[in-house]
Structure formats: C-alpha cells, structure tokens
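User: I have a structure to read and some questions about it. Can we go through them one by one?

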Amino acid sequence: MLRAIRIINREIMEPSLFKYILTHSKKDQILLVLISLASLPLVYVTLELPKRIINLLEGTGSDYPEAIFGYELDNLNYLMLLSFTFLLVVLCSGGLKYLLNVYRGSLGEHLLRRLRFELYRRILLFPKPHFKRVSSGELIPMITAETEPLGEFIGESFTLPVFQGGTLLTYLFFIFQQDVLLGLAAIALYPFQLIVIPRLQKRVNALTKERVAVARNLSGRIGETISGIEEVHANDTSHFERAHISQRLGKIYLIRFAIYKRKFFIKFLNNFIAQLTPFFFYSAGGYFVLRGDLSIGSMVAVLVAYKDLSGPWKELLRYYQRLEDIRVKYSQVIQQFNPINMLDTSIIDQRPESLELPDREIQVNNIRYSEDGLYFSIDGTSFKFPINQHCAAVGLGNSGKEELAFLMARLINPTSGNITLGVSKMEELPEAIIGRRFGYVGPAAFMFNGSVYDNICYGLKHQPVKPEQAAVDKQIEHERSLAQRSGNSPDRYDEDWIDYLALGLDSHRHLSSEIIRILQMVELDEEIYQFGLFSFVQQSESLDLVDRIMQARMQLRDKFREPEIERLVEPFDHEKYNLNMTVYENLLFGTVYGDNVNVEQLIQTPAIQAILVECGLNDEFLNAGLQITEIMLDLFSDVEPDSELFEQFSFIDADDLPEFNKLLQQSRQHGLENLPADDKQRLISLPLRIVVARHRLGLITKPIRQRILEARRKIHQLAAKEDLGIEFFDEANYNPRISIQDNILFGKLAYGQAHAQRKINNLIANVVESLELRNDIIEAGLHYEVGVAGGRLSSIQRQKLGLARALLKAPDMLVVNEALSSLDPSSERRLIVNVRNAMAQKGILWVLGRVQLAEQFDTVMVLERGKLLDKGSFAEMQQGNEHFQHLLANA
C-alpha cells in the first residue's frame, strides 16, 4: 500500500449531496423552509376567498357579517372587502415567493461557487502522475458545465419539496374540505404515478449517467486532437480522427434518442393522468351540484384548486427527476476528484513563520518510486546532497534521471523510503518553503497566457502584499465578503503579489533591473529588446522614456544628414511627399487607430472623398487605376496563380484578375465615367497602393504629388474639427500608435538600398546605447504577450524564460531537468557557466542530455534503470565507471 494514501483519506469529498448542502448552508436552508411554510396559509386563503365571492354573487353566501370593527356592511361592501383582501393576499403571497426565489437563487450560486472552488483546489492537490491518466478536456467541463445544474438545484433542494409539497397538501385539504369524494378522486391516480414513474425514470437516469461519461470522453478526445494537431496533419490522420469523433457523436445520439423516448413517454403519461382526473370532477361533481349537495362556488373552487394542483405535482415530479440526474452528476464529479495519493491540503495552505530550509543537506534514504506499483523508475537509491553542491545527473532515457529530478524538486513523492532535510521529511514541508527555496525548470517550461513580465515574475507571487495605509473600496470589500461566504479565497489576483522587501529590493524599478540582469544571464535579453523595439508605449505611462525616445529621434535625424546614411532613409516631413510611402500613407500621413476602421475604409468616407474631388485627385486616380488594370492584365494573365510574382509585384490578386478584366471591357464599351460607383472605387484603390520609389509606373507625377500634399493639409484641417481616428506624424511629437523603433526612425527605408535594414538597425542600436535606452526598451519588451501556453515564443525562448523565472526567486536549490535541450552545445555550455556563477554556494542538480557537459560540475551522478551506479567527480567517473564511459563514448 502506498504511503501517500494515508494523506488523502483526510481529504475525501462528501459523497452525499444533501450532506454537502447541509454542511455549508444548514441555517439558510432552515430559514428558507420557514419562509416556505409561512406562505402556505396565504395559498389556502387565495382558494377560500374566490369561493366566498362566487357564493356571495350566486346568492348562497347570504350569511355575511353585518358589521366589521363597527362598520356596517351590505352585499356590495362585503364584495369589495373580499376582493381587496384577495388582492392584498395575492401581493403578500407574490412577495414571499419573490423573496423565496431570490434567496434560494443566491444560496444556490454561493454553494455552486464554493463547489467549483473546492474542485479547482483539489486539482492543485492531484498527484503529478494523475494528470497522465486524465486530460484537461475532461476536468474543465466537470468544473464549468457539469456543475452548472447544481447551482439551481442546491438552492431548492429542501425548499422546493417543502413549498410545492405544502402547496399540494393545502390544495388537497381545501378539496377534501369541500367534498371527500372529490378529494379521493383528486388523489386516485397518485399511487399509480408514484409506482410507475420512478421505475421509468430509473432507466432514464442510467442513460443520463452513460451520456455524461461518453460526452466527457468526447471532450477529452477533442482536447487531444487540439494538442496533437501537428501530428494529425503530419501523418494524414484527419480522416481517422473524424471517424473517432463521428463514432462518439453517434453513440451520444443513440443515448440521447433513447432518453428522449422514455422522457417524453413519462411526460405523455403524466399529461394523460392530469386530464383524466377532471373527468371524475365534471361527472361526479356535477351530479352533486344537481342534487344540491354541493354549491356552485365550491364546485368552481375545487376545479380551480385542481387546476392549480397540477402545478406543484408536476414540480415535485420534475424535482424527483432532476434529483436523480443531479445525484448522478455529483457522484461522477466526486469520483473524478478523489484520486488516490492526493496531497494534504496543509501542504499548500500552511504558512510557517520561518520560510528557511530546516537543514542545508538533503538526505535520500533508499527511495523507490513507481506510478503503477509494478515498474519502479527509481529503485533503492540513497545519497547525500549538500545544498552548496553543483551536481550533474546523467543516464539513458530509462535511467530514472527525470524522476529523480521530480523527486528532488518535490513534484512527486517517493513510494517508499524518505527524502529528508535534517529531521523534516521533504514531502511534509509546505509549499510556502519548497516553492520559495527550491527552483525547478523542466524541458517544456509552461508559459501562462500573459506578458513576459507576468511569466518571469510568476515564481514571486506567493501571497498578496497588503499596503499599510490604503483607501477602503466598498465594492472590493463586498466582493471579499462574498468570496469568504462561499468558502473562496478573499485575495484578488489584481493586487500586488510581489514582496519587494522579501527579495531584498526597494521597488518595482529595482525588480526590473534584476530581471534584466537575469535575462542577460540566460542570453534572452536581445530577444526581449527586439520585442521592446516593436512595442507601443503610451506617453501618459512613461514620460521619461518618451522624452528619451524623442532625443533618440533627433540624434538619428542628425545622422540622416550624413551622405552615406542619407540615401538609406527618407524621413517623415509634413511638407514633402515621401517617395517610399504608398499614396494612402502620403494622403493621411498618420496612423489609423480606430478598431473597426482601416485605411481603405477611411479613404472612402464621404468627407475625405469630397477632399479628393476638390483637389482634382478623384479623376486622376480613376484613370491611373484603369492604366494599372491594363498593365496588370498584360503582365500577369499568363502567370500561375500561386506564383510569388503576384505577391511581390501585382496590385491585383490572381483570383480578382477575371473581375478586373470584365471591368476593363465595360469601361471600354460604356466609358469610364459610366461605371457603377463600386467599380470606380475598385479602380481608385489601385493607385493608392503605389510606392513611387518601388513601382516605376510614372503614374504619380509631380503635379499629382503636389495635389496629394494639398489634400493632406485639408484632411488635417478636417481632423481639427472632427475626430477621424488618425494619429498624424509630427516630427516634434511622439506618436503612441507606432512602435518605439518607428518613433525613433520616424521615416521609411529607401527602396533598393543594399543592407539598408541592417545598417539602420545598427544606427538605432548605437543611438539607444548612447542614451542608455536599452534597459528601458527591454523593460517595454517585458510587456510582450506570450500567447496561449507561450505559443508566440519559440521553444528555446520558453526554456530560457523558464530558467530565468526559477533564477529570479533566488532559490537555495535549483533542479534543471534537461531544460536547455533545444540549445546547441556551445550555448548550453555558456548558460551552465552563467547559472553556476549565479548559484555559487547554493545547490544545483542538473539533469543533462549531453553527457560531455557534466565536466563543468563538481560531481556527477550516474544512473541506470532506477539505480544510482556511482557518484563522484567527472574525472573519477571517466576513469572508473564503465557505464559512464559508454555514455560518453556514444554522446
């Protein structure tokens, strides 16, 4: 029996849904039941008052009181009194129902929030091997979609049967009070329903349970397809995967079809029985009325009561059906979230006063590790590891070196044996200590959706830092109280979670400096610098940075006056036409920043179209568009559609050539001026893409360029009156709509100049260095979004960032599990040297894929088939260990 099973037995979730509900909402449920019971007398009164009103109108209710509280009454007064009393009772009854529904809805959502949070918390306690047996595609729907019906049910779990059952009994009591035989007729078919319906429902519940299991497996398979999409396309298995999904969807269809047949048969049976009972009322009740044994008012009241009786009865039947369905869902969720070997909750919750390691030496005592109890990947290993030693672990793929790294980082616990720090077992130390004092980097460092900064600082976010004096936000405090009431964490993720003082830093600025130092250490600073160059900075957020970017622009502008550099870039000048910009860009001379508007749409707005007409550009562009069409059709009509020539030189896509050919023929037949407006606009759009320096077509002549500059001035004048969504280029001002690099360059690279981009990049780098801007730009690059699972980063960048994240928290012990395997040997060797220098007097266990790199470490551990063969210096292993010699020879 695995030792960790003893831990999880204290953390098994409550298997009974009703016990879970009562444990967390007993007082609320009692109060809801009391409100439900308080509403029942009002239900009876709403039945009795109409009967009295009808009897009064029919003349059989002549025994009305002559006076109430000293006020004399006649028939009319008594009728008004009964009517207004009925209205008051209806309002009170409706108010109580509103209170009841809101209260139980709120309670249900509170408990649903608690349950979801608890399920998520339990995921954090799952043993690492469990994630190899269950996919995220199965777990996520269980927390989100499958628990959704529980929210509504939890709120009404006790109150609905009490309220609807009480209402049902009230109606029956009223009917029996009018006539016993009618009462017996009302309940005559209830025994049949109570016996037959549950038996039919039992099969529906079994099918529902099967449907949930199949749907969960479908979700898991879809998740696998998404994760393995590269393999699907690389191996041409899309047909196989579609067959996989199709078969599962078919199984779900058959199950749901069987459920529908049984469910609607139950509904048909209930409806038939509901309509059968009135037959007895009309026949037997009418008979008693004709004999004079029953008043018309009583007969009408009984019919109204029975009509209302079907409501609570159907609600009770629906409740029973939902109860079984909810029990199935709850039991299946509980089953999935109670795996063996779960961690003790104190491991993640405990916050000891001292966060230091209890000892400076790790002792590994005869540990064994197995995921299934059959194959032991670590088998009887013992050694001592001082936490100032730098050690490399080497071996073949099945040597157990990966599992040893997991064990030393406490990501898994040994099946038998112990890993201790002094007198403390490592598996019993809280994460508050292990998470701070140990660092782990694996071969597939995971990146969370967010910025580079968010990911590199992830290892510092242990608990929120509460400011000494902070204004109280009532909304936030209300949200905290709601979280605590639901058993959730009252902490907020948007608080400041980084304790700078605990890191030995004074401020965010010092943290940024430390991050940049570590990025340089792992050789990731250049990539982040490039991210920064292409990032956008708002002037309101960093005035100092913006000022220095403007200084860099001025310095670079001075460089542009040098003859060798002048030809490389054409600077932005409001008074000049830029030959290396498109006509579009020259017209607007700025950046369009509206989310729903692009440059072409903006040009087509009536206001700007009017300016083009006023400046005589509309006809010029139309004629130029026609000429471009003729040229493109002449040059590209025989070119293959997938040729690169289209992308590089053509103004018209291959797919659009036939349409433009048709448009050209129409213009020749009917005249250019007679073309439809949309066709004219398509022609006008062609010359707007011309870059004069690149496209030597001779269509944008000097007079046309002057008119474009005139149109530019008018567009800017128009923008002063109304917002066009354009951030204009201004040499004296920073433009937040373009990147840092574009703000510094503030011009266009000249077309046709060899190596212009490289030369300008070097110039920008020199200016940045001279102004000491590099670190600020790297800091801007830290806000680069890495994408889902770091998808916007390369595998090498993810590995380096994972290493930087571990180093930033300055651990006492660093475990590196083949984390730099994507690098070339020389780069990995440099990084090992850098990390070792940073971790001087601290511990490193580095699992290596390249055995020759072990030479850089103090000691080497050689593993084979889960056993530690030997441990010593590289020279000792090289001379005295045959297995190590074999590994080295085959490296």
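User: In what order do the 4 strands of the open sheet stand?

Analyst: Bear in mind that this is a predicted model. The sheet is open, and its pairing is antiparallel. The order is β4-β3-β6-β7.

User: Which strands stand at the edges, each with a single partner strand?

Analyst: An edge strand has a single partner, so one side of it is left without a neighbour in the sheet. Here that applies to β4 (376-386) and β7 (424-425).

User: Which helix packs on the sheet?

Analyst: The helix touches β3, β4 and β6. Its direction makes about 55° with that of β4. It is α13 (residues 401-408).

User: How many bridges join strand β3 to strand β6?

Analyst: Strand β3 covers residues 361-370, and β6 covers residues 416-421. The two run antiparallel. Across them, Ile362 stands opposite Leu421 in β6. The number of bridges is 5.

User: Is Met80 buried, partly exposed or exposed?

Analyst: Met80 is found in helix α3 (residues 75-125). Buried means under 20% relative accessible area, and exposed means over 50%. Met80 has 37%, so it is partly exposed.

User: What is the area of the nonpolar surface patch that includes Met80?

Analyst: Met80 shares this patch with Leu76, Phe84, Leu87 and Leu91. The patch covers about 530 Å².

User: What percentage of the residues in the chain is buried?

Analyst: The chain has 35 helices and 16 strands. It counts 891 residues. Of these, the buried ones make up 47%.

Note on methods. Residues numbered from 1 in each chain as written. Predicted model: local features only at pLDDT ≥ 70, side-chain atom pairs only at ≥ 80, totals over all residues. Heavy atoms only, no water. Pairing = 2+ DSSP bridges. Contact = heavy atoms within 4.5 Å. Axes fitted to C-alpha atoms, helices over the stretch in contact; angles between N-to-C directions. Patch = residues over 30% accessible without salt bridge, like charges linked within 9 Å, V, L, I, M, F, W, Y side chains within 5 Å. Areas by Shrake-Rupley, 256 points an atom, 1.4 Å probe, with all protein chains shown as cover. Salt bridge = Lys/Arg side-chain N within 4 Å of Asp/Glu carboxyl O. Buried < 20%, exposed > 50% of the residue type's maximum accessible area, 1.4 Å probe, protein only.
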